[in-house]
Amino acid sequence: MIQMAEDAKNNPLHFTNAAFDIVAIAASAGGLTAQIKVLSTLPAQFPAAIVIVQHISPEHPSFMAEILSRRTDITVKQAKEGDHLTPGTAYIAPPNRHLLVNDDGILSLSQSKLVHFLRPSADLLFESVAATYKERAIAIVLTGTGSDGAMGVEAIKKMGGTVIVQDVKTAEFSGMPSAAIQTGNVDFILPLDEISRAVVTLVMGECN
């Protein structure tokens, strides 16, 4: 069982056996296929939590959690207000709701104004993750149109976190990865097939 240890300064709970507590993923067009590729090879006992913003239509229910659950050994669920971050679990922002990580490691959902015409916003998610988890956060930007996530990766880097971006040559849509890369705040630019292994290496200190 993965244990958690509370920081003496009342920071969020840190997951033991993990170099990072949280992995935040952003994607838009083409994102479902890319996320399946990233999540499908993660071990069931992956010792960090995952939070995901995928741009989808606000008018229809999302079945992303069900689809991804069938393709990965970790737990995948649509995020709910008040969820406590748990290692080995991926939380997906519901349609038309911003997903935020609070400083106590509890998730909140918001219908506050659109950010760059988007809700959920990767920028808001990344900024909340950066403020809470600082150097123990990883942000990943996958395929998508537009530039959502670019401001967020700057926040992640400013607070000491690590940024991975999908190589545009392997992205179905290059807008989001290109915008993130252009900030100059990216640690790794990787082909889609290599992102999962890099995450496992960073978080668990080993290659699968």
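**Exercise 1. Find the residue that follows helix H4 and has a positive phi, then describe the helix.**

*Solution.* Step 1: Gly 160 comes after H4, with a positive phi near 95°. Helices here are DSSP runs of H or I with at least four residues, strands are runs of E with at least two, and both are numbered from the N terminus. The model is predicted: local features need pLDDT of at least 70, side-chain atom pairs count only at pLDDT 80 or more, and totals for chains, interfaces and linings use all residues. Residues are numbered from 1 along each chain as its sequence is written, and side-chain values use heavy atoms, leaving out hydrogens and water.

Step 2: Look inside H4. Ala 150, Gly 152, Val 153, Ala 155 and Ile 156 are buried. Buried means under 20% relative accessible area, exposed over 50%, and partly exposed in between (1.4 Å probe, protein chains only).

Step 3: Find their packing partners. The buried residues of H4 pack against H3, S9, S10 and H5. Contact means heavy atoms within 4.5 Å.

**Exercise 2. Work out which residues of helix H5 are buried and what they pack against.**

*Solution.* Step 1: H5 spans residues 175-182, and its buried residues are Met 176, Pro 177, Ala 179 and Ala 180.

Step 2: These four cover an arc of only 165° around the axis, so they sit on the same side of H5. The arc is taken from the directions from the helix axis to the C-beta atoms.

Step 3: The buried residues of H5 pack against S3, S9, helix H4 (150-158) and strand S10 (162-166). After H5 comes Gly 184, with a positive phi near 75°.

**Exercise 3. Give the strand order of the open sheet and place H1 and H3 on the strands they touch.**

*Solution.* Step 1: The order is S5-S6-S4-S3-S9-S10-S11, seven strands with parallel pairing. Two strands pair if DSSP finds at least two bridges between them.

Step 2: Strand S5 (75-78) and strand S11 (188-190) are at the edges with a single partner strand each, so one side of each lacks a neighbour in the sheet.

Step 3: On average, neighbouring strands are turned by 20° against each other, direction ignored. Axes are lines fitted to C-alpha atoms, for helices over the stretch in contact; angles between N-to-C directions run from 0 to 180 degrees.

Step 4: Check one pair. Strand S4 (49-54) and strand S6 (89-92) run parallel and share three bridges. Ile 50 has Ala 90 as its bridge partner in S6.

Step 5: Add the helices. H1 packs on the sheet and touches S3, S4 and S10, at about 165° to S4. H3 lies across S3, S4 and S9, at about 165° to S3.

**Exercise 4. Count the salt bridges and locate the one between Asp 21 and Arg 136.**

*Solution.* Step 1: Apply the rule: a side-chain nitrogen of Lys or Arg within 4 Å of a carboxyl oxygen of Asp or Glu. The count is four.

Step 2: In the pair of Asp 21 and Arg 136, the closest N and O atoms are 2.5 Å apart. Asp 21 lies in the loop between strand S2 (14-15) and strand S3 (22-27), and Arg 136 in the loop between helix H3 (122-133) and strand S9 (137-141), so the pair ties together parts 115 residues apart in sequence. Asp 21 and Arg 136 are both buried.
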